[in-house]
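Hi everyone, thanks for making time for this one. I'd like to walk you through a model, starting with the overall picture and then moving in. Please have a look at it first.

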Amino acid sequence: MSMAVVGMIAGMVLGFAGYFGGFGAFLLVAALGAVGFGVGRYLEGDLDIGAFFRTRDDRRR
């Protein structure tokens, strides 16, 4: 299992604690799952955080 999937599962497990709160809890689970997935991708090296902060001119070079 990849680190991204493990991170996503970890985020969803943490969000499951809020499951009993209704639709807000559903959004919490989805958000924490997305954060966990992102952290897992970063730990695998598949996500370059610096790419989000570069200008368009820097990307073309």
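So, reading along the sequence, the protein chain follows the pattern α-α-α. That comes to three helices and zero strands. Do keep in mind that this is a predicted model.

A few totals for the protein chain next. It has 61 residues, and buried residues make up 15% of them. The chain exposes about 4800 Å², and 68% of that is supplied by carbon and sulfur atoms. As for contacts, take those between residues at least 6 apart in sequence: 42% of them join residues at least 24 apart.

Now to the helix packing. Two packed helices are described by the angle between their axes and the distance between the axes. Let's apply that to helix 1, residues 3–16, and helix 2, residues 23–44: their axes come within 7 Å and cross at roughly 155°. Angles over 145 degrees count as roughly antiparallel, so helix 1 is roughly antiparallel to helix 2. The crossing of these two helices is right-handed.

Which residues in helix 1 and helix 2 meet? On the helix 1 side we have Met-3, Ala-4, Gly-7, Met-8, Gly-11, Met-12, Leu-14, Gly-15 and Phe-16. They meet Leu-28, Val-29, Leu-32, Gly-33, Gly-36, Phe-37, Gly-40, Arg-41, Leu-43 and Glu-44 in helix 2. By type, the residues of this contact divide into eleven nonpolar, six polar and two charged. Glycine is counted among the polar ones here, and the helix 1 list includes Gly-7, Gly-11 and Gly-15, while the helix 2 list includes Gly-33, Gly-36 and Gly-40.

One last residue to point out, Val-39, which lies in helix 2. Is Val-39 buried or exposed? The answer sits in between: its relative accessible area is 43%, so Val-39 is partly exposed. If you want a distance to check on your own screen, try Val-39 and Val-6: they are 33 residues apart along the chain, and their C-alpha atoms are separated by 9.7 Å.

That's my tour, and I'm happy to take questions.

Note on methods
Residues numbered from 1 in each chain as written. Predicted model: local features only at pLDDT ≥ 70, side-chain atom pairs only at ≥ 80, totals over all residues. Heavy atoms only, no water. Helix = DSSP H or I, 4+ residues; strand = E, 2+ residues; numbered from the N terminus. Buried < 20%, exposed > 50% of the residue type's maximum accessible area, 1.4 Å probe, protein only. Contact = heavy atoms within 4.5 Å. Areas by Shrake-Rupley, 256 points an atom, 1.4 Å probe, with all protein chains shown as cover. Axes fitted to C-alpha atoms, helices over the stretch in contact; angles between N-to-C directions. Parallel < 35°, antiparallel > 145°, perpendicular 65-115°, else oblique. Left-handed = near helix turned anticlockwise from the far one by under 90°.
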